[in-house]
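This briefing sets out selected structural features for a reader at the bench. The points are grouped by topic and follow the sequence and structure shown here.

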Amino acid sequence: MTNANPTIRLRGLSKSFGDKKVLDGIDLDVATGTSMVVIGGSGSGKSVLIKCILGLIEPDEGVIEIDGIDVLKAPREQRMELRSRIGMLFQNGALFDSLTVWENVAFGLLAQKKCTRSEARERAAGVLAQVGLAASVGDLSPAELSGGMQKRVGLARAIAAQPEILFFDEPTTGLDPIMGAVIDGLIVDCVKRMGSTAIAITHDMASAVRIGDRAAMLFKGRIVWEGLASALLDSGNEMVDQFTHGRREGPIQMELRK
Amino acid sequence: MTAALDFVAWLGRFVLAACTACGRLALFCVSGLSHIVRPPFYGRMFLRAIIDIGYTSLPVVALTATFTGMVLALQSSTGLSRFSADSAVASLVVLSVTRELGPVIASLMVAGRVGASIAAEIGTMRVTDQIDALSTLSTNPMKYLVAPRLLAGLIALPLLVLIADILGVMGGFIIATVKLNFNTQTYLRNTLDFIQTDDVVSGLVKAAVFGVLITLMGCYQGYNSKGGAQGVGQATTSAVVAASVLILAFDYVLTEMFFAR
């Protein structure tokens, strides 16, 4: 579970909402330049895990280190600086409705004052091309795009500022298998080209194997298995096998929500 | 005995919840207002907000103010004629419109129109992760979404109320001279003789406070909405109801401050 030089290091990460413990002592390392896929059922805490690392949710306990910096103890300026090195693709794209596509893509560049508005527009066109979209798409509003195109624009926005760390929240949810494979391919290309460190959460097994170098399974707020993503479908772990093969019988039982 | 203890426990929980809600709203307000004066500033968002709040509300505010002035002239003439005090119609219209009806009616109309729209827009951004996306793109959502709207409300409402005052007085003037056969020059002289700078200024100060209240409630309810479309709907309703009640409550407080002797 321990890597030599992890970019992201989690120790004892816990988070509860009321009586429900969503994360229960998570230990996880993600080595520099590798992709970690976190799998798990709905409500297993995957999204909360990513939001804790991003600083969108404050964990109750534990340590989050990015490049050796304890994020939770870092001063606000340092946290903002760390955040500027992170890109995120949200499950539903989370594109800003009131802005055009190119303004969405260039939002982070303009927010960080990395370039002028006209330069940002040019760079947005370049990034859109990287995800297979024509520059003319830049003038459309997000509502005019299909689900697959919205995911591509979300990916373009996430990589526009060349982040060192990328997060992907259910990148293929709601897409047909072919579009899912296209998005996965774009993610792998982007991550490899930029040499970024990535964490993706998904319950799409084909996507997990395509995107990840390593994988971990989250169940009831705990990491129950970690290994190579290529070994996911033949892990030897009963829980992982049940989950990856979609079997009803096994150690994971559906619980009625109280 | 158990029932009494249950009641005390319920009362305690209710008071704690009310205090928590007030505290959260106060902190949200302070945070939003403080971002108005701290860079970076989002000029485009401010311009968009001032157009949404001010320019697009102009027709509805103009219509309601004009009709309010017309009704006021008609009703006051009917009432005052019983005491042979018809000459007081002009002063009653101008004082009522500038001190009370202009600010309150314009603000209530804007609360229904703009408060709901702000809550719906920010609420939708919340439930579709757009607010989280802002944070990941090095942008403070309070600074980007809330501060420009608060500033726009603070500036746009007094301008709207100034127009509402003029149109309300004009509505009264039209009814008084056309329908009630008042002498035009006498009516105008009575209007100008009775109005004082304080009357107009107090109405504009009220409008500025109401503008902040409307945008604050829209932003607060939207920002804290949960649970998809239903949550956004609830946030929208809460924003309009809370803003309307606060407008009337603050109207009393401000009137007491300005005019109580």
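**Salt bridges**

With a relative accessible area of 40%, E81(A) is partly exposed. The model that contains this residue is predicted. E81(A) has a salt-bridge partner in R85(A), at 3.8 Å from N to O. The points below begin with that partner and then turn to helices, a loop glycine and chain B as a whole.

- R85(A) is buried, because its relative accessible area of 14% falls under the 20% cut-off.
- A salt bridge also joins R85(A) to E164(A), whose closest N and O atoms lie 3.0 Å apart. R85(A) sits in the loop between α2 (76–83) and β6 (86–89) of chain A, and E164(A) in the loop between α6 and β7 (165–169) of chain A, so this pair ties together parts 79 residues apart in sequence.
- E164(A) is partly exposed, at a relative accessible area of 42%.
- One network, joined by salt bridges that share partners, consists of K51(A), R126(B), D129(B) and D132(B).
- Over all chains, the structure holds 25 salt bridges.
- Another of these pairs R222(A) with D24(A), with 3.2 Å between the closest N and O atoms. This pair links distant parts of the chain, since R222(A) belongs to strand β10 (residues 222–228) of chain A and D24(A) to strand β2 (residues 20–31) of chain A, 198 residues apart.
- R222(A) counts as partly exposed, at 46% relative accessibility.

**Helix α5 of chain A**

- The 14 residues of helix α5 (residues 117–130) of chain A should span 20 Å at 1.5 Å a residue, and the end C-alpha atoms are indeed 20 Å apart.
- The buried residues in α5(A) are A120(A), A124(A), V127(A) and L128(A). They lie on the same side of α5(A), because they cover an arc of only 100 degrees around the axis.
- An α-helix has 3.6 residues a turn, so residues three or four places apart point the same way.
- The buried residues of α5(A) pack against α3 (101–105), α4 (107–111) and α6 (147–159) of chain A.
- On the face turned away from the buried side, α5(A) carries the exposed residues S118(A) and E122(A).
- G132(A), just after α5(A), takes a positive phi of about 80 degrees.

**A buried loop glycine in chain A**

- G45(A) lies in the loop between β3 (35–39) and α1 (46–54) of chain A.
- This glycine, G45(A), counts as buried, at 6% relative accessibility.
- Leaving aside residues up to four places away in sequence, G45(A) touches V22(A), L23(A) and L218(A).
- G45(A) and L218(A) are 173 residues apart along the chain, yet 7.3 Å separates their C-alpha atoms.

**Chain B**

- Chain B has nine helices and zero strands.
- Of the 261 residues in chain B, 46% are buried.
- The C-alpha trace of chain B spans about 65 × 60 × 35 Å along its principal axes.
- Among contacts in chain B with a separation of 6 or more, 85% are between residues 24 or more positions apart.
- Helix α3 (residues 58–81) of chain B has 24 residues and reaches 34 Å from its first C-alpha to its last, close to the expected 34 Å.
- The buried residues of α3(B) include V61(B), L72(B) and L80(B), and their cover includes α4 (89–127) and α6 (141–179) of chain B.
- F7(B), V8(B), W10(B), L11(B), F14(B) and V15(B) make a nonpolar surface patch of about 610 Å².
- Within this patch, L11(B) is partly exposed, with a relative accessible area of 37%, and its place is in helix α1 (residues 2–36) of chain B.

Note on methods: Residues are numbered from 1 along each chain as its sequence is written. Chains are lettered from A and ligands numbered from 1 in the order in which they are written. This is a predicted model: local features need pLDDT of at least 70, side-chain atom pairs count only at pLDDT 80 or more; totals for chains, interfaces and linings use all residues. Side-chain values use heavy atoms; hydrogens and water are left out. Helices (H or I, at least four residues) and strands (E, at least two) are DSSP runs, numbered from the N terminus. The expected span of a helix is 1.5 Å times one less than its number of residues. Buried means under 20% relative accessible area, exposed over 50%, partly exposed in between (1.4 Å probe, protein chains only). Contact means heavy atoms within 4.5 Å. The arc is that of the directions from the helix axis to the C-beta atoms. Patches are made of residues with over 30% relative accessible area and no salt bridge: like charges are joined within 9 Å, nonpolar side chains (Val, Leu, Ile, Met, Phe, Trp, Tyr) within 5 Å. Accessible areas come from the Shrake-Rupley method with a 1.4 Å probe; for residues, only the protein chains shown count as cover. A salt bridge is a side-chain nitrogen of Lys or Arg within 4 Å of a carboxyl oxygen of Asp or Glu.
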